Amino acid sequence: MRDFESMKIEDEIKQKTFKSAHQKAFINVVYTSGWLQQQQASLFKPYGITLPQFNILRILRGQHPEPATVSLLIDRMLDKTSNASRIVDKLEAKGLVTRKQCPSDRRTVDVLITDKGLALLSEMEGMAGGEVTGIKNLTDEEALQLSNLLDKIRD
């Protein structure tokens, strides 16, 4: 069993006391979120894509072979602050998606994942979802409990 003593938030941010248990939990969630994002970014770097780009590719794969609109992508993205149109531009430049005007609504643009995009996701299988990050240190029961607690925070 691993020694998690050195991984405590107090040690990570060099702060020994907190105003309350709620403040400590909030800081720990924010810190851990950033830490997980850094872990993902380093895993994705060799593939030349970012976490938001990966997220959009996964959404498009879920829609495949049907196209998605940019508004659908925005609704389903994990990071609501990301600029979906700009991300689609970058993915299109890499040949991972195509963009076409919707035949039924000329104001709407359809976005489709390409075979190259599908192949990249296949190659990266298992990189998202925690299988290669610290989340894997949790048992299935602990992961479910954590997920339920995070859901409760958003209620």
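Val29 lies in helix α2, and I begin with this residue in the predicted model before us. At 40% relative accessibility, Val29 counts as partly exposed, because the partly exposed range runs from 20% to 50%. Val29 belongs to a nonpolar patch on the surface, together with Ile135, Leu138, Leu146, Leu150 and Ile153. The accessible area of these residues together is about 440 Å². Which helix gives the most to the nonpolar patch? That is helix α7, residues 140-154, with three residues.

Let us stay with helix α2 for a moment and turn to charged side chains. Lys24 forms a salt bridge with Glu10, and the closest N and O atoms are 2.6 Å apart. Lys24 lies in helix α2, residues 21-44, while Glu10 lies in helix α1, residues 9-13, so the pair ties together parts that are 14 residues apart in sequence. Are the two partners buried or exposed, or something in between? Lys24 has 29% relative accessibility and counts as partly exposed. Glu10, by contrast, has 15% relative accessibility and counts as buried, because the limit for a buried residue is under 20%.

How many salt bridges does the count come to? The number is six, and I shall discuss two others here.

The next pair is Asp89 and Arg99, a salt bridge in which the closest N and O atoms are 2.2 Å apart. This pair links distant parts of the chain: Asp89 is in helix α5, residues 84-93, and Arg99 is in strand β2, residues 97-101, ten residues apart. Asp89 is partly exposed, with a relative accessible area of 39%. Arg99 is partly exposed as well, with a relative accessible area of 27%.

Arg99 also forms a salt bridge with Glu92, where the closest N and O atoms are 3.0 Å apart. Glu92 has a relative accessible area of 33% and is partly exposed. Through these shared partners, salt bridges join Asp89, Glu92 and Arg99 into one network.

Strand β2 deserves a further look, and Thr98 is a convenient place to start. Thr98 is in strand β2 and is partly exposed, with a relative accessible area of 28%. Which residues does Thr98 touch, not counting those up to four places away in sequence? They are Glu92, Asp110, Val111, Leu112 and Thr114. Glu92 thus appears among the contacts of Thr98 as well as in a salt bridge with Arg99. As for Leu72, Thr98 is 26 residues from Leu72 in sequence and 16 Å from Leu72 in space, C-alpha to C-alpha.

Thr114, one of the contacts of Thr98, can be considered from its own side. Thr114 is placed in the loop between β3, residues 109-113, and α6, residues 115-123. Its relative accessibility is 15%, and Thr114 counts as buried. Setting aside residues up to four places away in sequence, Thr114 touches Gly95, Leu96, Val97 and Thr98.

I now return to helix α5, this time for its packing. How do helix α3 and α5 pack? The angle is about 85 degrees, and the axes are 10 Å apart. That makes α3, residues 51-63, roughly perpendicular to α5, because angles of 65 to 115 degrees count as roughly perpendicular. On the α3 side, the contact is made by Pro52, Gln53, Ile56 and Leu57. On the α5 side, it is made by Ala84, Ile87, Val88, Lys90 and Leu91.

Finally, I turn to the backbone. Most residues other than glycine have a negative phi, and most peptide bonds are trans. With that in mind, two places may be pointed out. His64 and Pro65 are joined by a cis peptide bond, with omega at about 10 degrees. Pro65 is found in the loop between α3 and β1, the latter being residues 68-69.

The second place is Lys14, where phi is near 55 degrees, a positive value in a residue other than glycine. Where is Lys14 placed? Lys14 is in the loop between α1 and α2. With a relative accessible area of 69%, Lys14 is exposed, because exposed means over 50%. This brings us back to the helices of the Lys24 and Glu10 salt bridge, since Lys24 lies in α2 and Glu10 in α1. Thank you for your attention.

Conventions: Residues numbered from 1 in each chain as written. Predicted model: local features only at pLDDT ≥ 70, side-chain atom pairs only at ≥ 80, totals over all residues. Heavy atoms only, no water. Salt bridge = Lys/Arg side-chain N within 4 Å of Asp/Glu carboxyl O. Helix = DSSP H or I, 4+ residues; strand = E, 2+ residues; numbered from the N terminus. Buried < 20%, exposed > 50% of the residue type's maximum accessible area, 1.4 Å probe, protein only. Patch = residues over 30% accessible without salt bridge, like charges linked within 9 Å, V, L, I, M, F, W, Y side chains within 5 Å. Areas by Shrake-Rupley, 256 points an atom, 1.4 Å probe, with all protein chains shown as cover. Axes fitted to C-alpha atoms, helices over the stretch in contact; angles between N-to-C directions. Parallel < 35°, antiparallel > 145°, perpendicular 65-115°, else oblique. Contact = heavy atoms within 4.5 Å.
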